[in-house]
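Dear colleague,

I am handing over the structure below, and after it I set out what was found. Please read the notes with the structure open beside them.

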Amino acid sequence: MNSQRPEGTEIPNGPAAAAIVSAAVGCFCVSAFGWLGDAVPAMASFFNFYNPTGALSGVTTLAILVWLVSWAILSRTWGEKSVAMGRVNVLAYVLLGAGLLLSFPPFGDLLRGK
Amino acid sequence: MQTNFRELMTALHGLAFGGLLLLAFSGALVALYRICSPGRSAALSAGEGKWMRFYLVAMAVLAWGTVLSGAYIIYPWYRAKPPAGVTDFAEYSRSHLLASPNTAGWHNLGMEWKEHVAWFTPIALTMVAYVFIKYGPRLSQHRQVRNAAFAFTLVAFLAAVIAGTFGALINKNAPVEGGAIIKLTGETK
């Protein structure tokens, strides 16, 4: 991939920004969908793609799908551009931090008023 | 000396994939810190860059191997419901933990946290490996991209530590066991 451009040519930061934001979106979705499955029994049934694994199968499959689709869309949008990387990083860190926090069961319970 | 099939698969998940991944983080974090540290502007040499890309791809593969084997091989055994009337929960780890208030937290906090946060690791590492492959030596031109790659690797490490630590402690309190007996060595006495 990196050999497509001659040595010394600058690659725009768009492809990296797309990968970084979409990875943060994917991580956040794992936690958000997991929390949703715990909070809403109907969602837990919806996420039950593979019975032996239970809701975790749908939570992670859908989060991976959102990650890959958002990566594809952002890559098409930003692929040849240079974007404000500072803002991209802030957005990614906020999503990653929120995802980490939401994955912690006592915090999820607090949000559910449990 | 003998083991059983589930115990062996749990070792594959936790030690072969997860353990190797945790070991690999030390090398990756040192190398990434060196690349990302303030004042660093020189590009990696061709050999260093090639090695780094291989190393990060191998870590991403290990991370996917760990979460997929955990979710689709070990977790179904862990969460299996015992048939009605069964009171010995030796082969039903989740039920065994939840049966006592002294161990229920290993499931309610440990497993509930680990089963989700563990997935941060392969997603983050896949992104980091992609960025290194895509940019190669030109990564030296993108300081903020390098910083994000380092931050995501740190979070991936944190997630792997949470998952690995709880995984080991949960398995100590309620081992996943069952399946065919596998004899590793014969009786000596």
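Across the interface of chain A and chain B, the rule finds nine residue pairs in polar contact, with both residues of each pair at pLDDT 80 or more. Please keep in mind throughout that this is a predicted model.

On the side of chain A that touches chain B, the elements that give two or more residues are helix H1 (14-39), helix H3 (55-78), helix H4 (85-103) and helix H5 (105-111) of chain A. The largest share of that side comes from H1(A), which gives 13 residues. Sorted by kind, the residues of the side of chain A that touches chain B divide into 27 nonpolar, 18 polar and four charged. The contact as a whole takes 49 residues from chain A and 37 residues from chain B.

The size of an interface is often given as the accessible area lost when the parts come together. For chain A and chain B the area buried between them is about 3,800 Å², and carbon and sulfur atoms give 72% of it. As for salt bridges, the rule finds zero across the interface of chain A and chain B.

A search of the whole structure, taken over all chains, does find two salt bridges. In one of them, Arg112(A) is joined to Asp109(A), with the closest N and O atoms 3.2 Å apart. Arg112(A) counts as partly exposed because its relative accessibility is 25%, and Asp109(A) is likewise partly exposed, with a relative accessible area of 24%.

In chain B, the side chains of Glu48(B) and Arg34(B) meet in a salt bridge, at 3.1 Å from N to O. This pair links distant parts of the chain, since Glu48(B) lies in helix H2 (residues 46-79) of chain B and Arg34(B) in helix H1 (residues 5-36) of chain B, 14 residues apart. Glu48(B) has 34% relative accessibility and therefore counts as partly exposed, while Arg34(B), with a relative accessible area of 40%, is partly exposed as well.

Turning to the aromatic residues, the structure holds 17 aromatic pairs over all chains. One of the pairs is formed by Phe46(A) and Phe47(A), whose arrangement is tilted, with 5.5 Å from centre to centre and 55° between the planes. As to accessibility, Phe46(A) counts as partly exposed because its relative accessibility is 48%, whereas Phe47(A) is buried, with a relative accessible area of 1%. In addition, Trp67(A), Trp71(A), Trp64(B), Trp119(B) and Tyr130(B) form one aromatic cluster, with residues of chain A and chain B among its members.

Finally, there is a histidine in chain B that you may wish to look at: His107(B), which has its place in helix H4 (residues 104-117) of chain B. At 3% relative accessibility, His107(B) counts as buried, because the cut-off for that class is under 20%. The side chain of His107(B) is joined to that of Arg94(B) by a polar contact of 3.4 Å. If its neighbours within four places in sequence are left aside, His107(B) is in contact with Tyr78(B), Arg94(B), Leu97(B), Leu98(B) and Glu112(B), so that Arg94(B) appears both in this list and in the polar contact.

With best wishes

Conventions
Residues numbered from 1 in each chain as written. Chains lettered and ligands numbered in written order. Predicted model: local features only at pLDDT ≥ 70, side-chain atom pairs only at ≥ 80, totals over all residues. Heavy atoms only, no water. Contact = heavy atoms within 4.5 Å. Buried area = accessible area lost by both parts, 1.4 Å probe. Salt bridge = Lys/Arg side-chain N within 4 Å of Asp/Glu carboxyl O. Polar contact = N/O pair within 3.5 Å; in protein donor to acceptor, adjacent residues only side chain to side chain. Helix = DSSP H or I, 4+ residues; strand = E, 2+ residues; numbered from the N terminus. Nonpolar A, V, L, I, M, F, W, Y, C, P; charged D, E, K, R; others polar. Phe/Tyr/Trp six-rings, centres within 6.5 Å; stacked < 30°, edge-to-face > 60°. Buried < 20%, exposed > 50% of the residue type's maximum accessible area, 1.4 Å probe, protein only.
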